[in-house]
Amino acid sequence: MSNTRHVPVMLQRCLDMLAPALQAPGAVVVDCTLGLGGHSEALLQQFPEARLVALDRDKEALRLSGERLAPYGERATLVHAVYDELPEVLERLRVPHVQGVLFDLGVSSMQLDEADRGFAYAQDAPLDMRMDQTTGISAAEVLNTYPPGELVRILRAYGEEKQAKRIVGAIVREREKEPFSNSARLVELIRDSLPQAAKRTGGNPAKRTFQALRIEVNGELSVLERAIPAAVKALGVGGRIAVLSYHSLEDRLVKQVFAAGAANTAPPGLPVIPEQYQPRLKLLTRGAELPTEEEIAENRRAAPARLRGAERIRADIE
């Protein structure tokens, strides 16, 4: 358990971005990625009039952050849910619109720090990687059962791994001898199967494969594809959304949803743009904002973070 787990990435910047929407009494802010409750606690502290709804698919995270947020009593509602279930959660809580939404898409520090979950390539652990350990298939099952072509696709698409074919070839040969169960064997295999030049660049050579497996096991990108538009839809006019992502695939997805919301959709050549074609969103960041060098020095997990924000400036016309 290292103390880095308590440092939420770009915390003050996220709070500043959401602040204009969260001053009014009774404003509702949703933390879609509760984790250990660092962002949630800061939101409750900084906006004393606001109510918090926080989601997490990891029961252990809910238990720990429940203890942390207990002093805030009724102001905090914690829900066991994946973030694309936001519309159902809000409907159940009878909340028609919210004023703020925050996503921090990094794997929670807790999951990286707790060896038995198999997220980290730096230590040997069972290859599980499920954020909600009550459901779904583990990373070991993906490695042991997926056809080679599917594994190559996953490593390329989700890990942006140029050596996918070579790595998958080695995985397939090895799994025939003995199924994969632990992370150390996979790390070693990746090391052994890469050409020298590929090992010299960009940190641990297993990083991209582990990222790809984690995204596949948790359906992260397909969940995100549903979750970001749903969150935008849940915002009332004047409401704001902030999204922290950690790799280019997530960031691209967020960028596309925000750009579509901020564009006017009128056919070209109209002298006046009717209401239904006007942009729904105003972008709050030019491109993606990056963490400062000081922050990266304090918290190395902040290094790949990209922050984007948007404000809802019009309601949807039904």
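Which residues touch the most other members of the largest nonpolar core? In this predicted model, that spot is shared by Y83, V98, F103, L127, L186, I241 and F258, out of 65 residues in the core. Helix α12 (residues 220-234) chips in the largest share, eight residues. Nonpolar side chains tend to be buried together in soluble globular proteins.

F103 gives a good look at how this core is put together. Skipping its neighbours within four places in sequence, F103 is in contact with C32, T33 and Y83, then with A227, I228 and A231, and finally with the run I241, A242, V243 and L244. Apart from the largest core there is another one, made of 30 residues, including L43, F47, A54 and A305.

Next up is helix α8, which covers residues 164-177. Its 14 residues reach 20 Å from the first C-alpha to the last, close to the 20 Å expected at 1.5 Å a residue. The buried residues of α8 are A164, I167, V168, A170, I171, V172 and R175. They pack against four helices: α6 (139-145), α7 (148-159), α9 (183-193) and α11 (207-218).

As for confidence, the protein chain averages a pLDDT of 88, and 90% of the residues score at least 70. Among the elements, strand β1 (residues 28-31) has the highest mean pLDDT, 98, while helix α5 (residues 109-113) sits at the other end with the lowest, 45. Over residues 108-115 the pLDDT is below 50, and the model gives this stretch 29 contacts beyond near neighbours in sequence. Residues 1-5 also stay under 50, with ten contacts beyond four places in sequence.

Note on methods. Residues numbered from 1 in each chain as written. Predicted model: local features only at pLDDT ≥ 70, side-chain atom pairs only at ≥ 80, totals over all residues. Heavy atoms only, no water. pLDDT = per-residue confidence, 0-100. Helix = DSSP H or I, 4+ residues; strand = E, 2+ residues; numbered from the N terminus. Contact = heavy atoms within 4.5 Å. Expected span 1.5 Å × (residues − 1). Buried < 20%, exposed > 50% of the residue type's maximum accessible area, 1.4 Å probe, protein only. Core = buried A, V, L, I, M, F, W, Y, C linked by side-chain atoms within 4.5 Å.
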